[in-house]
Amino acid sequence: MILMQGKGVSKGVVKGPLYFFRRQDTTVVKTTVNDQSAEQARLQQAQERAVAQLEALAERCREEAGDESAVLFETHAMFVEDEDFVECIQSTMEEEGCNAEYAVQTAGEQFAAMFAAMDDAYMQARAADIRDVSRRILNNLMGVVEGGIDSDEPVIVAADDLAPSETIQLDKSKILGFVTQGGSGNSHTAILARTMGIPAVCGLGDALKEDYAGRLAYVDGETGSVVLEPDELTLATMREKYARQQEMNALYQTMKGQEDVTLDGKKVNVYCNIGSPEDVAAVLSNDGQGIGLFRSEFLYLAADDYPSEDTQFEAYKSVAAAMDGKRVIIRTLDIGADKQVAYFDMKKEENPALGVRAIRICLNRPEVFRAQLRALYRASAYGKIAIMFPMITSVWEVRECKRACQKVMAELEKEGIPFNKDTEIGVMIETPASVFVAEELAKEVDFFSVGTNDLTQYTLACDRQANDLGKFFDPHHPAVLRALKMAADAAHKAGIWIGICGELGADVSMLPTFLAIGIDELSVSPSAVLPLRAALRKSIAKTCTLEMLEC
Ligand code: PEP
Ligand code: MG
C-alpha cells in the first residue's frame with residue numbers, strides 16, 4: 001500500500017486513475033517551411049478536424065439546450081471554411097513560406113481586428129468568435145487537447161499545483177477528483193473544487209510522483225489521504241466512508257423544499273457561490289435559495305481576451321433567468337493576486353495581494369468596468385440581480401462605483417434598453433479598513449457580504465495561498481469574528497442585511513456564533529446547502545452565545 005498524506009480541501013471519497021496534468025505550450029513561433037504542399041495538407045487536416053469537432057458540439061448542444069445554442073457552433077464551423085479567411089491563411093503561407101500556425105494566428109488577429117473596428121455592436125462581438133475559431137484550428141495543428149484532459153474516462157487530476165485559470169478551463173465532466181503537491185485550502189482552485197462538488201486533496205508534496213500516472217487511487221477529500229493499492233483495512237474503511245457519505249446524502253435530500261429557519265423562527269437565507277453559468281445546475285439540484293456570490297472574474301479567466309459586453313450579458317442573463325426571480329448577487333471582477341489574466345497585461349507586483357486587484361483595477365480602467373456594468377444592468381431586466389463590489393477599503397471607492405452605475409443607467413435609459421433601476425448594490429467586507437468604516441459604508445449600500453477568506457488573510461497578516469502557515473491562518477480567530485460582529489452591528493444599525501460568502505460560512509460548527517452575531521445570509525458551495533439547512537433547522541438562535549469571540 002502507498003499512502004500519501006495531504007490536506008483535504010473538498011470533501012468526498014472517490015477512486016479513479018491518476019492523470020497528470022500537463023501545461024501545454026500554445027506559443028506560436030514563426031518558422032520557415034520549405035515543403036509548402038505538405039504544410040497546406042496539414043492545415044487542411046486541422047480545419048477538417050475543427051469542422052468535425054464543431055458539428056459534434058452543435059449536435060450535443062441541440063440535444064441538451066435546443067436549436068438556439070447550437071447555432072453558435074454551426075456559425076463557427078462556417079467561419080472555419082470561410083473563403084476569405086482560408087485564402088488569407090493560405091496566401092500568408094505561400095508568400096512568406098511560413099508554418100500554418102503562424103499564418104492562422106496572423107489571419108485570426110487580422111479578421112478579429114477588422115470585426116472589432118466595425119460600427120455595429122453585433123459585428124464587433126464577432127471578433128471573439130473569430131479568435132475562438134483560430135484557437136481551435138491552432139490547437140488541432142499543435143496537438144493541444146481541448147479541456148486539458150486527454151482521456152476518454154473520468155480521472156483524478158494530479159498536478160504540482162493548479163492556477164484558477166487552469167482549473168476553470170478543464171473539462172469538468174472528466175474530473176473525479178483533484179490531488180496536488182502544493183496549494184492551500186483557501187486558494188481559488190480549492191474553492192472551485194468545492195463549488196463543483198469534486199473531492200480534492202492538496203499539499204501532498206514530493207509523495208505525489210509522476211510514476212504513479214495511470215494507477216488506481218483512492219482519495220479522501222476530508223482526511224486528505226490518497227492511497228494506491230490499499231490494504232484490506234484501508235479499503236474497508238474507504239468503502240464504509242463512501243457508504244456513509246451516500247447515506248448522509250440521502251438524508252440531506254429530505255431537506256429539499258424546507259425553509260431556511262431555526263427552531264425559534266430566525267430566518268437565514270442559504271445561498272450559493274458559483275463561478276460560471278454552468279454551476280447553476282448544482283445550485284438548483286441542491287435547492288439553493290439564491291446566489292450570494294457569482295465570482296464573475298472566472299468568465300475573464302476562462303477567456304483568451306476581454307469578454308465582450310454581449311458575452312457577459314448572455315452569461316448574467318442566463319443565470320438570472322435560471323434562478324427565476326431569486327436573488328443573484330454578481331460580484332464585479334476580482335482579478336489580481338492569484339487570479340492573473342495574461343491579456344490584462346498587469347505590471348508585475350512584489351505583493352499582488354496588496355496590489356492593484358479587484359475594484360482597484362475597475363476604478364483604474366473605466367472602460368473595462370463600464371462594459372461589465374452595462375452587461376449587469378442589461379441582465380437586470382431578466383431576474384433579480386444585485387451588484388457587489390470586492391476589496392473595498394474606502395467610502396470614496398463606493399461612491400465612485402455608484403457614480404459609474406448611475407452613468408451606465410443613464411446611457412441605457414437613453415438607448416431605450418430595459419434594466420432594473422432598483423438593482424441592489426452591496427459591498428464585500430474583506431479588509432480590516434472596511435470593518436472600521438462599516439458604519440459609513442452601510443449608509444451607501446443595500447447589503448454587506450463578508451469575504452472571510454480575504455478578511456482572515458488581511459486581519460491576521462497571513463497569505464491565504466500558503467499551505468504551510470497551518471494554525472496561523474485561522475478564520476475562527478477572535479479578531480476575525482469580532483470584525484464580523486462589528487460589520488454586522490454597523491449593517492443592522494443602518495437597516496441593511498449582512499451575509500457571509502467566504503468559506504467560513506459553510507462551517508457548520510460556526511453556525512451558533514453566526515446566529516448570535518445576527519448574520520442574515522450564508523452563501524456556500526452548492527453541495528454545502530443541504531447540510532447547512534439541516535443544522536440551521538435544529539438550532540435555537542436565542543440560546544446562541546458569542547463565546548467564540550473571547551480570547
Ligand atoms: C473572500 O475573500 O472570502 C471571498 C468570498 O472572495 P474570494 O475568495 O473570491 O477572494
Ligand atoms: Mg475575497
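Let me start with helix α11 and helix α13, which pass each other in a right-handed crossing. This is a predicted model, and what follows is computed from it. Helix α11 covers residues 309-322 and helix α13 covers residues 366-379. Their axes come within 8 Å and cross at roughly 35 degrees. On the α11 side, the contact is made by E309, D310, Q312, F313, Y316, K317 and A320. On the α13 side, the residues are A371, Q372, R374, A375, L376, R378 and A379. Sorted by class, that contact has 7 nonpolar, 2 polar and 5 charged residues. As background, an α-helix has 3.6 residues a turn, so residues three or four places apart point the same way.

Next, the barrel. Eight strands close up in the order β9-β10-β11-β12-β13-β14-β15-β16, and the pairing is parallel. On average, neighbouring strands in this sheet are turned by 25 degrees against each other, direction ignored. Helix α20, residues 529-536, packs on the sheet and touches β9 and β16. The direction of α20 makes about 160 degrees with that of β9.

Where do β9 and β16 join? Strand β9 is residues 269-274, strand β16 is residues 521-524, and 4 bridges link the two in parallel. Within that pairing, N269 stands opposite E521 of β16.

Now one strand of the barrel in detail, β11, residues 327-331. Is β11 covered or open? It is mostly covered, with 5 of its 5 residues buried. In a regular strand the side chains alternate between the two faces of the sheet. For β11, R327, I329 and R331 lie on one side, V328 and I330 on the other, and all are buried. So that is two arginines to keep in view on the structure, R327 and R331, both buried.

On its two flanks, β11 pairs with β10 and β12. Strand β10, residues 291-295, runs parallel to β11 and is joined to it by 3 bridges. Strand β12, residues 384-389, also pairs with β11 in the parallel sense, over 5 bridges. R331 takes part in both pairings: it is the bridge partner of R295, and its own partner in β12 is M388.

Now the metal. Which residues donate to the magnesium ion, ligand 2? The protein donors are E430, through OE, and D454, through OD, at 2.1 to 2.2 Å from the ion. E430 lies in the loop between β13 (424-429) and α15 (432-436), and D454 is in helix α17 (residues 452-460), so the pair ties together parts that are 24 residues apart in sequence. Both donors, E430 and D454, are buried.

Two items remain, from outside the barrel strands. The first is helix α7, residues 188-196. All 9 of the 9 residues of α7 are buried, so the helix is largely enclosed by the rest of the structure. Among those buried are H188 and R194, along with I191, L192 and M196. After α7 comes G197, which has a positive phi, near 70 degrees.

The second is V226, placed in strand β8, residues 225-228. Buried or exposed? V226 has 0% relative accessibility and counts as buried. What does V226 touch, leaving aside its neighbours within four places in sequence? Its contacts are I2, L3, M4, V179, V201, L204, A217, Y218 and V219. By contrast, A52 is 174 residues away from V226 in sequence and 39 Å away in space, C-alpha to C-alpha.

Methods. Residues are numbered from 1 along each chain as its sequence is written. Chains are lettered from A and ligands numbered from 1 in the order in which they are written. This is a predicted model: local features need pLDDT of at least 70, side-chain atom pairs count only at pLDDT 80 or more; totals for chains, interfaces and linings use all residues. Side-chain values use heavy atoms; hydrogens and water are left out. Two strands pair if DSSP finds at least two bridges between them. Helices (H or I, at least four residues) and strands (E, at least two) are DSSP runs, numbered from the N terminus. Axes are lines fitted to C-alpha atoms, for helices over the stretch in contact, and angles run from 0 to 180 degrees between N-to-C directions. Contact means heavy atoms within 4.5 Å. Donors are N, O and S atoms within 2.8 Å of the metal (3.2 Å for Na, K and Ca); water is not among the atoms, so sites may look incomplete. Buried means under 20% relative accessible area, exposed over 50%, partly exposed in between (1.4 Å probe, protein chains only). A crossing is left-handed if the near helix is turned anticlockwise from the far one by less than a right angle, and right-handed if clockwise. Ala, Val, Leu, Ile, Met, Phe, Trp, Tyr, Cys and Pro count as nonpolar, Asp, Glu, Lys and Arg as charged, and the others, Gly among them, as polar.
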